[in-house]
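This note is addressed to a colleague who is meeting the structure for the first time. Please read the numbered points below alongside the sequence and the model.

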Amino acid sequence: MAEKLGFVVAEFNRDITYMMEIEAEEHAKFLGAEVAERIYVPGAYDMPLAIKKLLSEGKIDAVVTIGCVIEGATGHDEIVVQHAARKILDLSLEFNKPVALGISGPGMTRMEASERIDYARRAVESAVKMVRRLI
């Protein structure tokens, strides 16, 4: 039976997250998993609520986050990723289901971000492996 994945995709830096989403979807198909649900959120910081919704409904086996946080003039990018990652981990443990971190950044330029679209593929790989090994 195919693993059912939920994608939570950030719209911020959409030119990059779009490419990440395409790569993630193709890799899910390659692994025999199904992208059963998809929620778009404004940015990485907004992901936890969407993740919680997907996990609460019980229709999916794992969530894959897809986002890109590029360095700005302040330390905002570090705060966003640190707090989002912490809450994402908390939700995974709370619901006992994998939530894979496919957010690139912080501390990278737009050029570096475009070179790291494979983070989404890696997140799909992680989610599928965790489901197959633990659930």
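1. The model under discussion is predicted. A suitable place to begin is R121, which counts as partly exposed because its relative accessibility is 30%, a value between the 20% and 50% limits that bound this class.

2. R121 takes part in a salt bridge with E23, and the closest N and O atoms of the pair are 3.4 Å apart. This contact joins distant parts of the chain: E23 belongs to helix α1, whereas R121 belongs to helix α5 (residues 118-134), and 98 residues separate the two. In total, 13 salt bridges are counted in the model.

3. Helix α5 also holds a salt bridge between E125 and K129, with the closest N and O atoms 3.7 Å apart. The two residues are separated by about one helical turn, because they are 4 residues apart in helix α5. E125 has a relative accessible area of 24% and is therefore partly exposed; K129, at 37%, is likewise partly exposed.

4. A salt bridge within a single helix is found in helix α3 (residues 76-95) as well, where D90 and K87 lie 3 residues apart, about one turn of the helix. The closest N and O atoms of D90 and K87 are 4.0 Å apart. D90 counts as partly exposed because its relative accessibility is 25%, and K87 counts as partly exposed because its relative accessibility is 40%.

5. Is E21 buried or exposed? This residue lies in helix α1 (residues 14-31). Its relative accessibility is 4%, so E21 counts as buried, the limit for that class being under 20%. Leaving aside residues up to four places away in sequence, E21 touches F7, V9, R14, R38, Y40 and I66.

6. Two of the residues that E21 touches, V9 and Y40, also deserve attention for their place in the strands. V9 stands opposite Y40, which is in β2. Strand β1 (residues 4-10) pairs with strand β2 (residues 34-41) in the parallel sense, over 7 bridges. From β1 the chain passes through α1 to β2, and this β-α-β crossover is right-handed.

7. The final point returns to charged groups. Within helix α5, E125 and K129 are about one helical turn apart, since 4 residues separate them. Elsewhere, R14, E21, E25 and R38 are joined into one network by salt bridges that share partners. R14 and R38 are also among the residues that E21 touches.

Technical notes
Residues are numbered from 1 along each chain as its sequence is written. This is a predicted model: local features need pLDDT of at least 70, side-chain atom pairs count only at pLDDT 80 or more; totals for chains, interfaces and linings use all residues. Side-chain values use heavy atoms; hydrogens and water are left out. Buried means under 20% relative accessible area, exposed over 50%, partly exposed in between (1.4 Å probe, protein chains only). Contact means heavy atoms within 4.5 Å. Two strands pair if DSSP finds at least two bridges between them. A crossover is right-handed if, with the strands pointing away from the viewer, the path from the first strand over the helix to the second runs clockwise. A salt bridge is a side-chain nitrogen of Lys or Arg within 4 Å of a carboxyl oxygen of Asp or Glu.
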